[in-house]
Structure formats: structure tokens, C-alpha cells
Amino acid sequence: MSVLVANENYDFNSLKELLNATDGNLASHLKALEKEDYITVHKTFVGRKPNTQYAASKIGREAFVKHLDALENLIKQQKK
């Protein structure tokens, strides 16, 4: 999610390379995010090759911010 929140969109192969993930692993994570409506998926063709672009949805961005806030609160409590 952090990649998609920080960028307008990312394609499957670029995400796979950046995250050093396998096709299956990345696909299963992306499916889970899509199921929760955290990301949008846009499929096109570049020449004859399929190209799938992913982007963080509004719901996904809000959930990611809540997640970061929860992590920050956890860290603050650990410092006390």
C-alpha cells in the first residue's frame, strides 16, 4: 500500500520487481487489497502485452493513514 499511496499508480511487473515478490505472492496480496476496495485495478494492452495498473483508492488511502496512526501510537506507548 505504501508504494501505491506514494505514487499515482504502479503496474504489476514494476511492483513485483520493487518488492522482490513472486507472481503468485504479489497477486494474492493484490487480490486481498482489491477485495477490500483498497485499490483500483485498470487492465489495458501495451501493444499485444497485457498491462495491469494498480492505484490506491480513497478507502485504501484512509485505511493506510489509520494504520500508520496506529503504528505511531504503538511506538509512542513503547517509549513510555
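In which strand is Y54 found? In this predicted model, Y54 is found in strand β3. The surroundings of this residue are described below, after the overall architecture and the elements that frame it.

The secondary structure of the protein comprises 4 helices and 3 strands. Along the sequence, these elements follow the pattern α-β-α-α-β-β-α. The radius of gyration of the protein is 15 Å, whereas a compact globule of 80 residues would have a value near 12 Å. Along the principal axes, the C-alpha atoms fill a box of roughly 55 × 25 × 20 Å. Of the 80 residues, 22% are buried. The exposed surface of the protein amounts to about 6,300 Å², of which carbon and sulfur atoms supply 52%. Among contacts between residues at least 6 apart in sequence, 40% link residues at least 24 apart.

The 3 strands are arranged as an open sheet in the order β1-β3-β2, with antiparallel pairing. Strands β1 and β2 occupy the edges and each has a single partner strand, so one side of each is left without a neighbour in the sheet. Strand β1 (residues 10-11) is joined to β3 by 2 bridges, and the two strands run antiparallel. In this pairing, D11 stands opposite Q53 of β3. Strand β2 (residues 39-46) pairs with β3 over 8 bridges, also in the antiparallel sense. At V46, the bridge partner in β3 is K49. The hairpin formed by β2 and β3 has 2 residues between the strands, and G47 in this hairpin adopts a positive phi near 70 degrees.

Strand β3 spans residues 49-56, and 6 of its 8 residues are buried, so the strand is largely enclosed by the rest of the structure. Y54 has a relative accessible area of 9% and is therefore buried, the cut-off being under 20%. When residues up to four places away in sequence are not counted, Y54 touches L4, N9, Y10, F12, L15, L30, I39, T40 and V41. Of these contacts, L30 belongs to the buried residues of helix α3. Y54 and E34 are separated by 20 residues in sequence, and their C-alpha atoms lie 9.3 Å apart in space.

Helix α3 (residues 23-35) contains 13 residues and extends 18 Å from its first C-alpha to its last, close to the 18 Å expected at 1.5 Å a residue. Within this helix, L26, L30 and L33 are buried. Viewed down the axis of α3, the buried residues fall within an arc of 60 degrees, so they line one face of the helix. These buried residues pack against α2 (12-19), β2 and β3. The face of α3 turned away from the buried side carries the exposed residues K31 and K35. Just after the helix, D37 takes a positive phi of about 65 degrees.

Taken together, the description places β3 between β1 and β2 in the sheet, with the buried residues of α3 packed against β3 as well as against β2 and α2. Y54, in β3, has contacts that include L30, one of the buried residues of α3.

Notes. Residues are numbered from 1 along each chain as its sequence is written. This is a predicted model: local features need pLDDT of at least 70, side-chain atom pairs count only at pLDDT 80 or more; totals for chains, interfaces and linings use all residues. Side-chain values use heavy atoms; hydrogens and water are left out. Buried means under 20% relative accessible area, exposed over 50%, partly exposed in between (1.4 Å probe, protein chains only). Two strands pair if DSSP finds at least two bridges between them. The expected span of a helix is 1.5 Å times one less than its number of residues. The arc is that of the directions from the helix axis to the C-beta atoms. Contact means heavy atoms within 4.5 Å. The radius of gyration is taken over C-alpha atoms; the globule rule is 2.2 Å times the number of residues to the power 0.38. Accessible areas come from the Shrake-Rupley method with a 1.4 Å probe; for residues, only the protein chains shown count as cover.
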